[in-house]
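Student: I have a model open on my screen and would like to learn how to read a sheet. Could you walk me through one?

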Amino acid sequence: SNRNMAAAVTRSKLMRWCGLVQQSVGCRAAFSGTNGVPLPILTLFTKKYEPCSLCDEAKEALAKYQSQFIYEEKYIDDPANEEWFQRYKFDIPVIHLNSKFLMKHRVDEDLLRRALRHLRTG
């Protein structure tokens, strides 16, 4: 089913993220959210080399939900991320959930909770 395929893709990403060391406690925790469903990956697109007060606010808002996803940051001002820079240079912070756009500029906590709940329950 599509749900199993999505879970397999997420597990594959998590295996890479864990450095293929599935035995570590952190990796096992990442593979099993509630009910054995893999935790989603939340990506915050931000800047590394310049201040971003909205990004700082987003990080604070996301901290309340940190147990419900795997958090990663992508720095659009890193030369290796030129594509993301071109796409989001006027919109950060931008948040993706499982590689899909979720929101930009500010964290909409209601939308985040609904999206996380949907991923948990299908």
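Student: In which sense do strand β1 and β2 pair, and over how many bridges?

Tutor: Strands of a sheet pair through backbone hydrogen bonds, either parallel or antiparallel. Here, six bridges link β1 (residues 41-46) and β2 in the parallel sense. Two strands count as paired if DSSP finds at least two bridges between them; strands are DSSP runs of E, at least two residues, and helices are runs of H or I, at least four, numbered from the N terminus. Along this pairing, Leu44 is opposite Glu73, and Phe45 is opposite Lys74. Keep in mind that this is a predicted model, where local features need pLDDT of at least 70, side-chain atom pairs count only at pLDDT 80 or more, and totals for chains, interfaces and linings use all residues. Residues are numbered from 1 along each chain as its sequence is written, and side-chain values use heavy atoms, leaving out hydrogens and water.

Student: How does β1 run relative to β3?

Tutor: Those two are antiparallel, joined by four bridges. Leu42 has Leu97 as its bridge partner in β3. The whole open sheet has the order β2-β1-β3-β4, with mixed pairing. Its edge strands, β2 (70-75) and β4 (100-104), each pair on one side only.

Student: Are the residues of β1 buried or exposed?

Tutor: In a regular strand the side chains alternate between the two faces of the sheet. In β1, Ile41, Thr43 and Phe45 on one side are buried, as are Leu42, Leu44 and Thr46 on the other. Buried means under 20% relative accessible area, exposed over 50%, and partly exposed in between (1.4 Å probe, protein chains only).
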